[in-house]
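Me: I'd like a close look at one single part of this model rather than a tour of the whole thing. Could you pick one strand and walk me through its surroundings?

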Amino acid sequence: MNARAPQSAKQQGIRATRRFLPPILIVLLLLLIWQLYSSVGGTSDDVIPSPERVASAAWSDRRSLWANTLPTLREVALGFALSLTFAFGLSILLDASGIARRALTPVLIGSQTLPIIVLAPLVVIWFGFGLLPKILLVALVTFFPLVVGLVEGYATASREATTLMRTMGASWWTTWRLLRLPSALPSFFTGLRIAITYAIVAAIFAEYAGAELGLGVYMQTARNSFRTDLVLAAVLVCAALTMLLYAATFAVERLVMPWRRTGRER
Amino acid sequence: MSSNIRIETRDLCKGFATKAGRLEVLDSTDLIVRDGEFVSILGPSGCGKSTLLSVLSGIELPDSGTVKVDGLPPAEAVRRASWMPQLDSLFPWRTVAANVALGFEVAGRIGRAAARRRATRLLEDFGLEQFADMHPHQLSGGMRQRVALARTVAQQRDILLLDEPFGALDALTRTELQLWTEQIWERERWTVLLITHDVREAILLSDRIYVLSSRPASVKLELEVNLERPRSIATLSDPRFSSLEAKLLASLGLGAPETS
């Protein structure tokens, strides 16, 4: 019906330009303002280093920066894996039982009011300087948007479709698997995108509270020796990582929900 | 008791508790559907036609009276009747073939691949094979409804409960689908109970028509449609068709023919 006409390389080029040019221009503009402020603004280059200096500092310290990025990424990956597992399990429980939903909702909301800046040192006291407290903190900070996305997503399963499953003799589990879970996916991905932007920050907080390696440790060390350029270099690495993770959610979404893609591109 | 009665209700009453008090929906409704018979239920909107189907498919329990599907209460007569909802309710994440296979997969007695193969065969019977790999959003409303009917039939229960299946379609597509349904029914001869508010649809497709009163609904008129089968577009201009239509409209409290 809607056979897609093969696109010429030129058309693809135009589309890519339209898509990527505006964000690149904005970033360049921000860098320009930063550069101007640091050179004309009258503050010392040690207080507000120019982007050029940040870039060259990052480049000369690239080995150490990379060695500190890897542990942070590992914490984020493991913490997020734990968070996803926990969120799916919990969402099933909340979906299956009204009692569980009423009993647990206040606790879950309460868990989100714990100030991470206070919690991080406590978690380190309880679980030590290793990987575990970082994983736990990343999971704690990211599971909530996932659970909310899933539980509210389940509720979007249409009533008629639910009745249809019942007339077909489907069990609760079959209905969950074939109807409720796929219905929840769009809302789940919204939750995922919110959660993933918290993940790196959570890992850095955890590292600040005590670690041997990681971007948090790197920033702390750089700050203690007044290397603002290196602090900002690490901040830029964090921002880039978060953007990459955010973009990755779209890639996963396309893989998991191919019907959505064909729906949008019309 | 005749052995070929598939659906029977006697003194069926059903109401719901609402904020404004109790709402009686069905009031001593009596009807039967025989094996291989196409029966329509015609009534004003909101008269409780859909509630009747819910009771027959075992989703709701009656307050009083008897309901039997193949001699059993609907909740026990498992896998006898399949229900087709008003909106197509196709799953957007499934292809057409996978949507049709849903019933097989839920029943779980055959594997997924075998379910898809059966679905594909059924799509061929329905003349829908070229849509097998498409997703529902790529289909027109009429096509979606055809796929929904295929999904209903695929459950391999020979009683079909159809809840205003063509109600949301434009007039032209609706007529097209009615004629298409008639064609397939001639071949398959399912036992059908069709809920509709379209008088012409009821006449074109049915062997018998029940007219329900407005809420609380009970049977106001039972009418045999003795027009030859197979029926076609020519049936619509048969003088007997017009006289049946007039009779039904009068029973629904309308003097002039419907304009829609």
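**A strand and its neighbours**

Reply: Sure, let's take β7 of chain B, bearing in mind that this is a predicted model. A handy place to start is a cross-strand pair: B:L161 sits opposite B:L193 of β7(B). That pair belongs to the contact with β6 (residues 159-163) of chain B, a parallel neighbour joined to β7(B) by five bridges. How do you get from one to the other? β6(B), helix α6 (residues 171-188) of chain B and β7(B) form a β-α-β unit, and it is right-handed.

Now for β3 (residues 38-42) of chain B, which also runs parallel to β7(B) and is tied to it by five bridges. Here B:S40 has B:L194 as its bridge partner in β7(B).

Next, the strand itself. β7(B) covers residues 191-196, and six of its six residues are buried, so the strand is largely enclosed by the rest of the structure. Both faces take part: B:T191, B:L193 and B:I195 point one way, B:V192, B:L194 and B:T196 point the other way, and all are buried.

Zooming out, β7(B) is part of an open, six-stranded sheet with mixed pairing, ordered β5-β6-β7-β3-β8-β9 in chain B. Its edges are β5 (81-84) and β9 (219-224) of chain B, each pairing on one side only. On average, neighbouring strands in this sheet are turned by 15° against each other, ignoring direction.

One step further along, β3(B) is joined by four bridges to β8 (residues 208-212) of chain B, again running parallel. In that pairing, B:I41 stands opposite B:Y210 of β8(B).

How values were computed. Residues numbered from 1 in each chain as written. Chains lettered and ligands numbered in written order. Predicted model: local features only at pLDDT ≥ 70, side-chain atom pairs only at ≥ 80, totals over all residues. Buried ≥ 20, exposed ≤ 12 C-beta atoms within 10 Å, placed from the backbone. Helix = DSSP H or I, 4+ residues; strand = E, 2+ residues; numbered from the N terminus. Pairing = 2+ DSSP bridges. Right-handed = clockwise from strand over helix to strand, strands pointing away. Axes fitted to C-alpha atoms, helices over the stretch in contact; angles between N-to-C directions.
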